[in-house]
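Let's walk through this model together, taking a helix pair and then a few backbone details. Have the structure open and turn it as you read.

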Amino acid sequence: MPATAHSVTAVMPTMNAAFSYETLLARSPQEKWTPDKRSMLFFDEDENRMGAEEFRTLRSRLYQIREKLPLKKLLVTSALPKEGKSFVAANLAQVMVRQQGRRVLVIDADLRSPGMHRHLGARQSPGLSEYLMGECDEFGALQRGPMENLFFVPAGRSVAGAPELLSNGRLKVFLQRVEPLFDWIILDTPPVIPVSDSTLLANFCDGVLMVVLANSTPSDLARRAREEFQDKLLLGMVLNGIPSSQLSQSKYYYGEAQPSRA
Ligand SMILES: Nc1ncnc2c1ncn2[C@@H]1O[C@H](COP(=O)(O)OP(=O)(O)OP(=O)(O)O)[C@@H](O)[C@H]1O
Ligand SMILES: [Mg+2]
């Protein structure tokens, strides 16, 4: 219909149109990251870093589960702060893209105490909080680092009202748009006991990986955290930080994922 004095003609950006991986590559120039060499195991070519083998084992367990169940969006959490959630989420993402052609997106969904950008040595914003507040689009929130096929959405700037932002509908839209482009999407989230964000975020994910810090996480709190995901697919526990004295070959051990509903 031709525009008349009484009709409105507007040019809208194609915000809701799907985009391809090629478009994403073109719109996201590779950025320089300076990964923390102490905690990031797969950025150099050394295949035998301590702990690397355990991440390869975790990866194959997840593929075994995926043979039986639809599994792409993984939530990583733990009962308490500082138990290794970001460490596990970031290294799992890296070991997955080490396989030829696998595309992985890791999202720092811990809007209260973001930490993933420090592990990766990437910038913190713009990221998820800006996207959820409508201040940037998907391309603005996504970063591409030096490792092929590994994308990252940092948490963005710290903001109040994380639960409201995470449930305002934009995260669902974001995931719907990027899901077809990636083999795995890994969400790093806040601890379960102090705040409810990870329980909320589990509604957007296919399965939950629970990190337990060896000789540290109190068993009653680990159990309580697990109960929060009763109606979700709890893929298993990742036992982090086993002291070297308790292992013969490897300093760290990450428990295997078993498909089980809690
Ligand atoms: N298995 C491990 N080997 C070596 N360092 C580790 C290991 N697990 C965790 N760390 C280190 O411990 C610190 C805390 O880990 P991380 O940031 O992953 O915890 P978190 O659970 O994400 O914390 P927060 O609750 O603050 O988000 C980091 O410095 C990390 O590098
Ligand atoms: Mg963290």
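What follows starts with a helix contact and then moves to the loops.

Please keep in mind that this is a predicted model. Begin with helix H2, which spans residues 52–68, and helix H3, which covers residues 85–97. Their axes lie 9 Å apart and the two helices pack at an angle of about 75°. Since angles of 65 to 115 degrees count as roughly perpendicular, H2 is therefore roughly perpendicular to H3. On the H2 side, the contact is made by Phe 55, Arg 56, Leu 58 and Arg 59, which meet Asn 91, Leu 92, Val 95 and Met 96 of H3. Sorted by character, the residues of this contact are five nonpolar, one polar and two charged.

Now step back along the chain to the loop between strand E1 (73–78) and H3, where you will find Lys 82. Lys 82 is not a glycine, yet its phi is positive, about 60°. Is this residue's setting buried or exposed? Lys 82 counts as partly exposed, because 13 other C-beta atoms lie within 10 Å.

A second positive phi in a residue other than glycine, near 60°, belongs to Asn 215. Look for Asn 215 in the loop between strand E6 (207–213) and helix H10 (219–227). With 8 other C-beta atoms within 10 Å, Asn 215 is exposed, as the cut-off for that class is 12 or fewer.

Finally, visit the loop between helix H4 (116–120) and helix H5 (128–132), which holds Pro 126. The peptide bond joining Ser 125 and Pro 126 is cis, with omega about 0°.

Definitions and conventions. Residues are numbered from 1 along each chain as its sequence is written. Chains are lettered from A and ligands numbered from 1 in the order in which they are written. This is a predicted model: local features need pLDDT of at least 70, side-chain atom pairs count only at pLDDT 80 or more; totals for chains, interfaces and linings use all residues. Axes are lines fitted to C-alpha atoms, for helices over the stretch in contact, and angles run from 0 to 180 degrees between N-to-C directions. Helices (H or I, at least four residues) and strands (E, at least two) are DSSP runs, numbered from the N terminus. Angles under 35 degrees count as roughly parallel, over 145 as roughly antiparallel, 65 to 115 as roughly perpendicular and the rest as oblique. Two residues are in contact if their C-beta atoms, placed from the backbone, lie within 7 Å. Ala, Val, Leu, Ile, Met, Phe, Trp, Tyr, Cys and Pro count as nonpolar, Asp, Glu, Lys and Arg as charged, and the others, Gly among them, as polar. A residue is buried if 20 or more other C-beta atoms lie within 10 Å of its own, exposed if 12 or fewer, and partly exposed in between; C-beta atoms are placed from the backbone.
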